[in-house]
Amino acid sequence: MSGSKEEPRRVSGDWREFFWNARTHELLGRTATSWGLVLLFYLVFYLFLAGMFAFTMYIMLLTLDDYKPTWQDRLLTPGMMIRPKGDQLEIRYSVSDTESWEDFVQNLNTFLSSYNDSHQVQLNADCPPDQYFIQEDSGEVRNNPKRSCQFNRTMLGDCSGLEDRFYGYSKAQPCILIKLNRVIGMLPGKDGQSPYVSCGAKNEDSEKIGPLAYFPDNGTFNLMYYPYYGKKAQVNYTQPLVAVKFLNASLNTDINVECKVVSNTLQAGSERDRFAGRVSFKLRINNQ
């Protein structure tokens, strides 16, 4: 019986002696000198790893350009988006219910505020149309920040919100703004032919969409707004827009609309990426 009681005591004593041995002054089986050598090794080891990481990052940063990405993996054909933004790309409202479309109007007002003519004249250049606005860097002197071309709000005609402050929503003739996503260095046309937007209804809704009006004329993204040099290099860049006005769309029914960019250099979008070079949305105008 006494032997069974002494066994736990001996085990407990062995553990305490392993943790701190007063005779040999060892902590966890190592002397102070041994622990110091271990800690010194790991200190030097991790300092070496940190130095290697910092040196590698430094060399990598030397290869990067602050104004232009070294590599681009974006799609050759940029995506398209619409304004105003509706829920899940859906523009649905009632002409007689002001509250159903006032958010759309406010969204367009906010979006177009930077396109006011007075603002554009102060910040951007009056460029010659139908040709690329190419700005080369000369030698070691970087041509930054680069200039941008004016896109004046008045170019959107009936969809500018200047003559009709409700953008046609109060008259069942809504305006939709379309923009191409920015891609650095993209040249979207050749031989002086600017890309343009073409909108139409999906097959089953072809008789519902009615006539359309485009602003600027022919719904073009003029070549003078390209190439784009990046947010940091071209701080005042203003994206060109195309406005589409639905003049006599059918009321009280869903209309599935698809708009796409037509260009002699950009590839047509594929079924795997339905936003490359096109955008689809649903329009419904109720008269009550």
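Biologist: Why is the disulfide of Cys127 and Cys149 left-handed or right-handed, whichever applies?
Modeller: The torsion about its S-S bond is about -100°, so the Cys127–Cys149 disulfide is left-handed, where a disulfide means a pair of cysteine sulfur atoms within 2.5 Å. Cys127 and Cys149 sit in the loop between α4 (117-123) and β5 (175-180), 22 residues apart, with helices (H or I, at least four residues) and strands (E, at least two) taken as DSSP runs numbered from the N terminus.

Biologist: What kind of model is this?
Modeller: This is a predicted model, in which local features need pLDDT of at least 70 and side-chain atom pairs count only at pLDDT 80 or more, while totals for chains, interfaces and linings use all residues. Residues are numbered from 1 along each chain as its sequence is written, and side-chain values use heavy atoms, leaving out hydrogens and water.

Biologist: How many disulfides does the structure hold?
Modeller: The structure holds 3 disulfides, and with the bonded cysteines numbered in sequence order the pairing is 1-2, 3-4, 5-6.

Biologist: And Cys159, is that one buried or exposed?
Modeller: Cys159 is buried, with a relative accessible area of 0%, buried meaning under 20% relative accessible area, exposed over 50% and partly exposed in between (1.4 Å probe, protein chains only). Cys159 is joined to Cys175, S to S 2.0 Å.

Biologist: Which way does the link of Cys199 and Cys259 turn, left-handed or right-handed?
Modeller: The link of Cys199 and Cys259 is right-handed, with 110° about the S-S bond, and it connects strand β6 (residues 196-201) with strand β9 (residues 254-262), the two cysteines being 60 residues apart.
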